[in-house]
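Morning, everyone. I have two topics today, aromatic rings and then a pair of helices. Here is the sequence with the structure.

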Amino acid sequence: MKAGPDIAMIASLVGDPARANMLTALMTGRALTASELAHEAGVTRQTASSHLSKLETGGLIEPEKQGRHRYYRLSDPDVAGVLEGLAGLAARAGHMRVRTGPKDPALRRARICYDHLAGDLGVQMLDSMRTQRLVRQKKQEIQLTSEGERFLASALQISPEALAHPRRPVCKACLDWSERRHHLAGTLGAAIMTRFTELKWAARDSAPGSRVVNFTRNGERRFAELFGHAEERR
């Protein structure tokens, strides 16, 4: 047996359709019960418990008990990053779900990826931050610049000190499945999405299991002022 990470084990956990549906449902960043995940996976409660046990043992999800209820969430943001990357690979290879609906354009435009903004607007935001020299990117490595720190403090009231985390980078490139380009993850991506919500510029769709992010009219305008294309920021 060759030494090193066991990719096959992780692939087998994600590769089961029911478990893949459960993990995708947890990409909203919300903790869900076994019953809710069973519904998302289209399996019985008993079958869902078996799948959840395997995912927990494999380190992909973690339980959280509150009162009589037991909730599950992704164990780490890097799990969401892997799932987003796999979704991009599936889209590129032509492995798409047959059913489509009116939410598809909205999902591609703006959606939550665990705790940060993804979709067309997420990619646009990172593009704009690079153009404005708020961040520097070399392949998948992204660094916040001094100019970026000043911008965040003045425009969004995000302090550099608030971004520090012992196990998570400030900036991380996350491959967007619909755009097939990078959007911004890490503690900075999460902090910006949180501020959008706090300022009531954007809100997550209230439909169960939805990852769509809806911007208000004011939010659209403010987003364009901060992260629009050059002509939109004038």
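Ring pairs join F151, F196, W201, F215, F223 and F227 into a cluster. This is a predicted model. Counting ring centres within 6.5 Å as pairs, the number of aromatic pairs is seven.

Take F215 and F223, which make one such pair with 5.5 Å from centre to centre and 70° between the planes. Planes over 60 degrees apart count as edge-to-face, and the F215 and F223 pair is edge-to-face. Are these two buried or exposed? Both F215 and F223 are buried.

F223 also pairs with F227: the ring centres are 5.6 Å apart and the planes are at 55°, so this pair is tilted. How far apart are F223 and F227 in helix α10? They are four residues apart in that helix, which covers residues 217–227, so about one helical turn separates them. F223 and F227 are both buried.

Now the helices. Two packed helices are described by the angle between their axes and the distance between those axes. For helix α2, residues 17–25, and helix α4, residues 45–57, the axes come within 10 Å and cross at roughly 70°. The range for roughly perpendicular is 65 to 115 degrees, and α2 and α4 are therefore roughly perpendicular to each other.

Which residues make the contact? On α2 they are A18, R19, M22 and L23, and on α4 they are A48, H51, L52, K54 and L55. Sorted by class, the contact of α2 with α4 has six nonpolar residues, one polar and two charged.

Methods
Residues numbered from 1 in each chain as written. Predicted model: local features only at pLDDT ≥ 70, side-chain atom pairs only at ≥ 80, totals over all residues. Heavy atoms only, no water. Phe/Tyr/Trp six-rings, centres within 6.5 Å; stacked < 30°, edge-to-face > 60°. Buried < 20%, exposed > 50% of the residue type's maximum accessible area, 1.4 Å probe, protein only. Helix = DSSP H or I, 4+ residues; strand = E, 2+ residues; numbered from the N terminus. Axes fitted to C-alpha atoms, helices over the stretch in contact; angles between N-to-C directions. Parallel < 35°, antiparallel > 145°, perpendicular 65-115°, else oblique. Contact = heavy atoms within 4.5 Å. Nonpolar A, V, L, I, M, F, W, Y, C, P; charged D, E, K, R; others polar.
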